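Trainee: I'm new to this one and would like a close look at a single part. Could you walk me through one sheet and whatever lies against that part of the fold?

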Amino acid sequence: MNALILDNGAHMAKLGYSKNDQPKVIPNCIMKAKSERRRPFIGDQIDECRDVSGLYYILCFQRGYLVNWDIQKTVWDYMFSSECCNVNFTDNPLVVTEPLFNFHSIQEAMSEIFFEEYEFKRMFRTTAADLAAFNYLKGFKKQPKPLACLIIDMGYSFTHIVPFIKGRKQKSAIRRIDIGGKVLTNHLKEIVSYRQLNVMDESYVINQVKEDSCFVSQNFIGDMKTARKRHPENTIIREYILPDFTTIRRGYLREPTRDSADLQTLVLNNERFSIPELFFHPSDIGIQQMGVPEAVLDAIAACPPETAEHLLANIVVCGGSAQFSGMGARLQSEIRALAPEEYKVCVRIAEKATSFAWQGGKQLSQEDDFPKLCVSREEYEEEGNRIIIDKFDVPEVVELV
């Protein structure tokens with residue numbers, strides 16, 4: 001069955017057919033540029049923009065939840081069009097993700113749009129964490145599947161810690177930290193604007209700076225001491241060459257040099273590792289919450305005691321921020337320090353962490369029982385939203401494993 005999988009993230013939507021190896025990764029928003037004020041750029045049309053400085057974002061999601069339906073519908077129209085993915089609504093079932101603990105009003109509106117406006121024949125609604133767990137557990141083909149696993153989903157608005165036991169999501173043990181890619185980008189904008197150059201309107205460029213420059217420190221105090229030194233003793237400091245949108249479309253890092261060659265640069269020092277440090281110490285910016293390692297142990301403590309050993313041995317990190325260099329090693333060392341010494345701790349950064357959940361949707365759509373999990377348009381027209389609630393609003397949506 002060639003299903004359409006839509007991992008509808010707050011920042012990036014991952015869209016593709018189950019026959020595809022990889023999804024298309026499309027910005028889930030509309031952007032307007034100073035250089036071309038009359039034209040809105042929908043999704044990945046931003047690649048056609050000649051100058052992305054000072055982009056104005058019109059977002060579908062606020063605080064992790066879908067609230068701007070007009071914008072989302074416009075983005076979906078583009079995604080499903082022949083220009084992007086050329087979707088056949090009558091033949092292809094849809095697998096779509098939603099945020100954890102989504103509001104019923106948002107779920108109802110989503111079902112109505114997909115069944116009544118787009119007229120999909122069948123739909124399966126789930127969360128990115130469920131699909132990530134399914135993908136991880138399906139990887140155990142020649143050996144017994146783990147009894148439990150723990151997903152750390154580092155998203156755009158939040159980081160969720162989600163334990164699964166025998167394929168069932170433990171809702172009472174889910175933990176959420178209000179740190180995600182958006183907070184990191186905004187904090188980097190504030191630091192750079194205070195120290196060097198006003199970049200408060202440059203979210204697109206500074207997000208690229210964050211992705212290209214930042215890493216997770218394995219020894220924060222030691223790296224801070226290194227960052228106080230002068231180059232070349234300071235091995236952390238780098239220059240980031242900003243794009244000029246004529247010869248340089250995307251900026252890049254380089255060793256500090258006196259030869260500027262008329263290039264506009266940012267000097268990045270302790271910013272490179274202090275930005276991802278927010279995942280471990282949210283209180284640094286006034287968010288009075290646990291860091292990720294403490295939240296992991298707190299989530300495990302809320303599960304049955306006999307599952308702790310299995311959860312600690314099967315921790316999977318996915319989402320865009322999981323790709324920071326050093327993230328896996330730092331989580332491994334900190335969780336190891338907090339966990340009981342008799343238990344093995346194993347933290348895995350998901351391969352292709354951004355599309356890991358989408359790959360889980362691909363795996364799920366190829367299961368023999370997949371059609372039974374879906375709601376058909378005929379069922380929806382006959383019973384309305386009640387059939388959606390009965391089928392999807394249960395904790396064990398990865399029950400196939």
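Mentor: Sure, let's take the open sheet built from three strands, which line up in the order β16-β15-β17 with antiparallel pairing. Keep in mind that this is a predicted model. At the edges sit β16, covering 252-254, and β17, covering 265-268, and each of these pairs on one side only. Going from one strand to the next, the twist averages 30°.

Now zoom in on β15, residues 238-241: three bridges join β15 to β16, and the two run antiparallel. For a landmark, find Y240, which stands opposite L253 in β16. As a rule, strands of a sheet pair through backbone hydrogen bonds, either parallel or antiparallel.

Next, bring in helix α5, residues 203-213. Helix α5 lies across β15, β16 and β17, and its direction makes an angle of about 140° with β15. That gives you the picture for this part: a three-stranded open sheet with α5 lying across its strands.

How far can you trust what you see? Across the chain, pLDDT averages 91, and 97% of the residues score at least 70. The stretch to be wary of is residues 395-401, where pLDDT stays under 50. The model does have 22 contacts beyond four places in sequence for that stretch, but where pLDDT is low, the predicted coordinates should not be read in detail.

Definitions and conventions: Residues numbered from 1 in each chain as written. Predicted model: local features only at pLDDT ≥ 70, side-chain atom pairs only at ≥ 80, totals over all residues. Heavy atoms only, no water. pLDDT = per-residue confidence, 0-100. Contact = heavy atoms within 4.5 Å. Pairing = 2+ DSSP bridges. Helix = DSSP H or I, 4+ residues; strand = E, 2+ residues; numbered from the N terminus. Axes fitted to C-alpha atoms, helices over the stretch in contact; angles between N-to-C directions.
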